[in-house]
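User: I would like a close look at one part of this structure, explained slowly enough for a first-year student to follow. Please start from that part and then connect it to the rest.

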Amino acid sequence: SVIGAASGEMVRDTFGLPVLAGVLGVMVLIGMLVYLGTRAVERFFAVWSLVLYAAYLLFFFLTLAQHAGDIGTNLTGIATRPGWFRSGVAYAGYNVAFVPALLFCLRHVHTRREAVTAGLLGGPIAMIPAVLFFVAMIGQYEALTLAGSDRLPVTVLLEALGGAALFTVVFPLVLFGTFVETGTALIHGVNERLARMLEEKGRSLAPRVRVAIALAILVLAIVVADTVGLTGLVAQGYGVITWGFLLVFVGPVLTVGVWRAFRGPPPVEARYD
């Protein structure tokens, strides 16, 4: 729902289309990718990740070239407010929420060395675009504060760029594709977890059932996104769910999970659980 609401508001700000058009558009594309299956999903992830990195790097260097002075001034001149650590943990939790849904990718990991390498690479690869975007936001701190929740930060940042009319259209399209990528991972991850559970019981998840599950999630997400909106979803729901993920997922993984990892290799049948 958060992804759908963000897509809708970005399409509205960039192209002047109704919010619902962006919500429906991203959901339809997610449904198509989920229907195509795991290989199509993984190929899209690989290709679009390269596109995303290229767009973020270009965005960062354009911003740095035009607003390096503002970024430096705000970095040194704006006081750090109380609660920064809690906000950082919450932001990390927002992203950790995606980890369980992506476990289907672990079928490519066969050794402990591969798992450790993937983990060490996964964190920086995921965070570098966020860091670049955050640095760009620092240069427009006052404008973002004045805009409040009425406008997306990316819209404010793109409007601050001069001589980049084409990029101000291309970058939102890249972000739209990234929303599709993220939403696909979440829904496909749900299907893969259900398929694994049924496989352990000697059954399989039929393709038509996969599509039905995806459609049910998408319809519910569309209704919630259109009803509550992006600000309400983040403020009222997403933040609360984040602390739940930290409690039921991160905590056990960093305690029981680490203990089991160093105790010895797990049984073969549980290796990818």
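Leaving out residues up to four places away in sequence, which residues does I217 touch?

Analyst: Please keep in mind throughout that this is a predicted model. When residues up to four places away in sequence are not counted, I217 touches I187 and V190. I217 itself has its place in helix α9, a helix that covers residues 207-263. With a relative accessibility of 30%, I217 counts as partly exposed, because that class covers the values between 20% and 50%.

We can now move along helix α9 in two steps. If we go from I217 to P252, we pass 35 residues along the chain, and the C-alpha atoms of these two residues are separated by 27 Å. V250, another residue of helix α9, has a relative accessible area of 18%, and this value makes V250 buried, because the limit for that class is under 20%. Once residues up to four places away in sequence are set aside, V250 touches V96 and F245. A second distance can be set beside the one for I217 and P252: V250 and I30 are 220 residues apart along the chain, and their C-alpha atoms are separated by 27 Å.

Helix α9 is also joined to helix α8 by a pair of charged side chains. As a general point, side chains of opposite charge can pair when their charged atoms come close. Here R210 and E192 meet in a salt bridge, with a distance of 2.9 Å from N to O. Because R210 lies in helix α9 and E192 in helix α8, the pair ties together parts that are 18 residues apart in sequence. The two partners fall into separate classes of accessibility: R210 is partly exposed, with a relative accessible area of 21%, whereas E192, at 18%, counts as buried.

Helix α8 deserves a look of its own, and it runs over residues 167-200. Its 34 residues should span 50 Å at 1.5 Å a residue, and the C-alpha atoms at its ends are 49 Å apart, which agrees with that expectation. Within this helix, E200 forms a salt bridge with R196, the closest N and O atoms lying 3.5 Å apart. These two residues are four places apart in helix α8, so they are separated by about one helical turn. R196 is partly exposed, with a relative accessible area of 29%. Just after helix α8, G202 takes a positive phi of about 80°. L173, a further residue of helix α8, is partly exposed at a relative accessible area of 45%. Together with F15, L17 and V169, L173 forms a nonpolar patch on the surface, and the four residues have about 330 Å² of accessible area together.

Salt bridges occur elsewhere too, and a search of the whole structure finds five of them. One of them pairs R12 with D13, with the closest N and O atoms 3.0 Å apart. R12 counts as partly exposed at 31% relative accessibility, and D13 counts as partly exposed at 27%.

Another helix, α3, gives a contrast in shape. A straight helix of 40 residues would span 58 Å at 1.5 Å a residue, but helix α3, residues 38-77, spans only 48 Å between its end C-alpha atoms. Helix α3 also bends by about 85° at H67. T63 lies in helix α3 and is buried, with a relative accessible area of 5%. If neighbours within four places in sequence are left aside, T63 is in contact with A68, I71, A136 and L161.

H67, where helix α3 bends, brings us to Q140, since H67 is one of the residues in contact with Q140. The other contacts of Q140, again leaving aside neighbours within four places in sequence, are N74, L157 and A160. Q140 sits in the loop between α5 (112-138) and α6 (141-147), and with a relative accessible area of 13% this loop residue is buried.

To return to the starting point, I217 is a partly exposed residue of helix α9, and it touches I187 and V190.

Conventions. Residues numbered from 1 in each chain as written. Predicted model: local features only at pLDDT ≥ 70, side-chain atom pairs only at ≥ 80, totals over all residues. Heavy atoms only, no water. Buried < 20%, exposed > 50% of the residue type's maximum accessible area, 1.4 Å probe, protein only. Contact = heavy atoms within 4.5 Å. Patch = residues over 30% accessible without salt bridge, like charges linked within 9 Å, V, L, I, M, F, W, Y side chains within 5 Å. Areas by Shrake-Rupley, 256 points an atom, 1.4 Å probe, with all protein chains shown as cover. Expected span 1.5 Å × (residues − 1). Bend = angle between axes of the 7 residues up to and from the residue.
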